[in-house]
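Student: Hi! I'd like to look through a protein structure with you. Can we start with the words I'll need?

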Amino acid sequence: MAELIHIPVLATETMTWLAAEPGGAFVDCTVNGGGHSVQLLERTAPDGRLLALDADPEAIATARARLAPFGTRAEVVHSNFRHLADIAGTAGFPPADGVLMDLGFSSRQIDATDRGFSFMHDAPLDMRYDTTRGITAAELLATASTEEIEQLLRRYGEEPQARRIAREVVASREHGPIATTGDLAGLVTRAVGGRHGKKLHPATQTFQALRIAVNEELEALTEALPQAIALLRVGGRVAVISFHSLEDRIVKTVMRRLAGREQVEQPRGLPVEPEAAPRVVRILTNRPVTPSPAEIAANPRSRSARLRVAERL
């Protein structure tokens, strides 16, 4: 039950930047346990509206229970945020005062013994946020080629031993399926050796890569962020909390492009310089906002969080 009352990462900073006021309309693209959503609904009382999404059915059930006291002011929808524009249109949601994306996965998900997100428990190797669709991590590893596994480990996990791990996966599955988190963690350890003084478990980057691949996290973020900005009214703000460099790089790049800061290569020899793409946002956080030492001490899992905010022009 602790998940129902947990304090979300960078909560104070996020609320400050979103500047929610009574009557405001906000979107929480990753409602999870509802921590940020509760604060937004409290700040927009008595008549503000909230549209809350999540790909995880368990998170949706938790959020609906937690947000029930707010009645019709809160609409909770089971959907990946890559479908944000369609969901908002169907809900008749007005131009938003703010959109929040918290890209972290929760302690509830990490600690669940049946979801396969962590090697701390021997669990079925699933890793899907939305357990009603898509393929599991076990199914991916059972069918992908050595080259495909290597590529996803390099791209999504930045794993320097990607080739050795990929070869071990393919060799191992000839003797039986890689069905559990224990199977995978042991396989990676055999492929690359033990910790060798490192703080991270040798399978950490492999688990990250598979989770990102199974859930198409980076593709979804790349699709969803422009939709979130398009949903904003003039002066509305989008706030994104990321937890690793791959996510943060996408957020930074998309915001800079829509703010007119990214240089676009132009073909040489044109008689007239093409018009620059119109600026859609103003970046409010030139450097990402990070957790305070006090928050990190209270919640070590917050240490990698990065908050970026932009305002619709």
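Tutor: Happy to! Buried means under 20% relative accessible area, exposed means over 50%, and partly exposed is in between, using a 1.4 Å probe and protein chains only. This is a predicted model, where local features need pLDDT of at least 70, side-chain atom pairs count only at pLDDT 80 or more, and totals for chains, interfaces and linings use all residues. Residues are numbered from 1 along each chain as its sequence is written, and side-chain values use heavy atoms, leaving out hydrogens and water.

Student: Cool. What percentage of the 313 residues is buried?

Tutor: Buried residues make up 51% of the chain. The chain has 13 helices and 7 strands. Those are DSSP runs numbered from the N terminus: helices are H or I with at least four residues, strands are E with at least two.

Student: How many aromatic pairs are there?

Tutor: A search of the whole structure finds 2. Rings of Phe, Tyr and Trp (its six-membered ring) pair if their centres lie within 6.5 Å; planes under 30 degrees apart count as stacked, over 60 as edge-to-face and the rest as tilted. One of the pairs is phenylalanine 119 with phenylalanine 207, edge-to-face at 5.1 Å centre to centre and 85° between the planes.

Student: Which parts does that pair tie together?

Tutor: Phenylalanine 119 lies in the loop between α5 (107–111) and α6 (137–143), and phenylalanine 207 in helix α10 (residues 204–215), so the pair ties together parts that are 88 residues apart in sequence.

Student: And are phenylalanine 119 and phenylalanine 207 buried or exposed?

Tutor: Phenylalanine 207 is buried, at 4% relative accessible area, while phenylalanine 119 is partly exposed, at 25%.

Student: New topic! How many residues does the largest nonpolar core have?

Tutor: It has 70 residues, and those with the most contacts inside it are Val27, Leu51, Met101, Leu141 and Val238. A nonpolar core is a set of buried Ala, Val, Leu, Ile, Met, Phe, Trp, Tyr and Cys residues joined through side-chain atoms within 4.5 Å. Helix α11 (residues 217–231) gives the most to this core, with 8 residues. Apart from this core lies another, of 27 residues, including Met15 and Val76.

Student: What does valine 27 touch?

Tutor: Not counting residues up to four places away in sequence, valine 27 touches several, among them Leu51, Leu84, Phe93 and Leu231. Contact here means heavy atoms within 4.5 Å.

Student: What about aspartate 102? Where does that one lie?

Tutor: In strand β4 (residues 96–102). Aspartate 102 is buried yet has no salt bridge, and the nearest side chain of opposite charge, arginine 211, is 11 Å away. A salt bridge is a side-chain nitrogen of Lys or Arg within 4 Å of a carboxyl oxygen of Asp or Glu. For charge, Lys and Arg count as positive and Asp and Glu as negative; His and the chain ends are not counted.

Student: So what does its side chain reach?

Tutor: The side chain of aspartate 102 reaches the backbone nitrogen of glycine 104 at 3.2 Å. Leaving aside neighbours within four places in sequence, aspartate 102 is in contact with Thr30, His36, Ile241 and Phe243.

Student: Last one: where is there a cis peptide bond?

Tutor: A cis peptide bond joins alanine 45 and proline 46, with omega about 10°. Proline 46 lies in the loop between α2 (35–43) and β2 (49–54).

How values were computed
Polar contact = N/O pair within 3.5 Å; in protein donor to acceptor, adjacent residues only side chain to side chain.
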